[in-house]
Amino acid sequence: MKLDLRDIIYIPGASVGFDYEPDLSDAVGGAVRDIIKPARAKGSIRNSAGVLLFEADVQARLLCACARCLKDLEVPVNLHITSTLTEGEQESDDPDVYLLEGDFADVDDIILSNFILSLDQRFLCSEDCRGLCQQCGADLNEGPCSCKAPIDPRLAALGQLLGDD
Ligand SMILES: [Zn+2]
Ligand SMILES: [Zn+2]
């Protein structure tokens, strides 16, 4: 969504709001399998003494893969975004500063890039997920598989030292 700022851009104190369902599908990839619709983005752009301040709350639910057992899990995301909009030609080095496109702000772009940055984490179905057996692929949360536990080489060496043959 592009937001028209002509009504606020030269008027300190003026603001324009938005409340819509952003398309976050570009965040799908890796451990993120899907975005459960609808996502919601609510916020405003405010002219604060000539500086355009962007603020938004984004609510979404992700369908993710557990990093250990690969099971699907739903992860709620509540993200608060604050950034500054500026006129200019050059991209800023500051990731919280976005360029205006003429008199418009690309709200989708600001929300999507912040959303993707916020997802820099591993998802687990539970803190003590046992994951999958590396040999047979069985889900170890459902019980032990029939594979023999691999022998720890340090323990094997200890056994030899003790003359245990
Ligand atoms: Zn898991
Ligand atoms: Zn196994």
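The following exercises, each with a worked solution, concern a predicted model of one chain.

Residues are numbered from 1 along each chain as its sequence is written, and chains are lettered from A and ligands numbered from 1 in the order in which they are written. Because the model is predicted, local features need pLDDT of at least 70 and side-chain atom pairs count only at pLDDT 80 or more, while totals for chains, interfaces and linings use all residues.

**Exercise 1. Elements and burial**

State how many helices and strands the chain has, in what order they run, and what percentage of its residues count as buried.

Solution.
- Step 1. Helices (H or I, at least four residues) and strands (E, at least two) are DSSP runs, numbered from the N terminus.
- Step 2. The chain has two helices and seven strands.
- Step 3. Read from the N terminus, the order is β-β-β-β-β-β-β-α-α.
- Step 4. A residue is buried if 20 or more other C-beta atoms lie within 10 Å of its own, exposed if 12 or fewer, and partly exposed in between, with C-beta atoms placed from the backbone.
- Step 5. The chain has 165 residues, of which 17% count as buried.

**Exercise 2. The open sheet**

Determine which strands form the open sheet, which of them stand at the edges, and how β3 pairs with β2 and β4.

Solution.
- Step 1. Two strands pair if DSSP finds at least two bridges between them.
- Step 2. Five strands make up the open sheet, in the order β2-β3-β4-β5-β6, with mixed pairing.
- Step 3. β2 (15-20) and β6 (97-99) each have a single partner strand, so one side of each lacks a neighbour in the sheet.
- Step 4. On average, neighbouring strands of this sheet are turned by 25 degrees against each other, direction ignored. Axes are lines fitted to C-alpha atoms, for helices over the stretch in contact, and angles run from 0 to 180 degrees between N-to-C directions.
- Step 5. β2 pairs with β3 (residues 32-48) in the antiparallel sense over six bridges. Here Ser15 stands opposite Arg46 in β3, and Asp19 stands opposite Lys42 in β3.
- Step 6. β3 and β4 are also antiparallel, over 13 bridges, and Lys42 stands opposite Asp57 in β4.

**Exercise 3. Backbone details**

Locate the cis peptide bond, and give the phi and the exposure of Ala49 and Leu70.

Solution.
- Step 1. The cis peptide bond joins Lys37 and Pro38, with omega about -5 degrees. Pro38 lies in strand β3.
- Step 2. β3 and β4 form a hairpin with two residues between them, and Ala49 is in the turn. Ala49 is not a glycine, yet has a positive phi of about 50 degrees.
- Step 3. Ala49 has 7 other C-beta atoms within 10 Å and is therefore exposed.
- Step 4. Leu70 is in the loop between β4 and β5, and its phi is positive, near 70 degrees.
- Step 5. With 13 other C-beta atoms within 10 Å, Leu70 is partly exposed.

**Exercise 4. Helix α1**

Compare the expected span of α1 with the separation of its end C-alpha atoms, and find how its buried residues are arranged.

Solution.
- Step 1. The expected span of a helix is 1.5 Å times one less than its number of residues.
- Step 2. For the twelve residues of α1 this gives 16 Å, which agrees with the 17 Å between the end C-alpha atoms.
- Step 3. The buried residues in α1 are Val107, Ile110, Ile111, Asn114 and Phe115.
- Step 4. Viewed down the axis of α1, these buried residues fall within an arc of 120 degrees (taken from the directions from the helix axis to the C-beta atoms). They therefore line one face of the helix.
- Step 5. Helix α1 (residues 107-118) lies across β2, β3, β4 (51-65), β5 (72-86) and β6, and runs at about 130 degrees to β5.

**Exercise 5. The nonpolar core**

Identify which residues of the largest nonpolar core touch the most other members, and which strand gives the most to this core.

Solution.
- Step 1. A nonpolar core is a set of buried Ala, Val, Leu, Ile, Met, Phe, Trp, Tyr and Cys residues joined through C-beta atoms within 7 Å.
- Step 2. The largest core has 23 residues, and those touching the most other members are Ile45, Phe54, Val58, Ala105 and Ile111.
- Step 3. At least two residues come from each of β3, β4 and α1. β4 gives the most, with seven residues.
- Step 4. Two residues are in contact if their C-beta atoms, placed from the backbone, lie within 7 Å. Neighbours within four places in sequence aside, the contacts of Phe54 include Ile45, Ala105 and Ile110.
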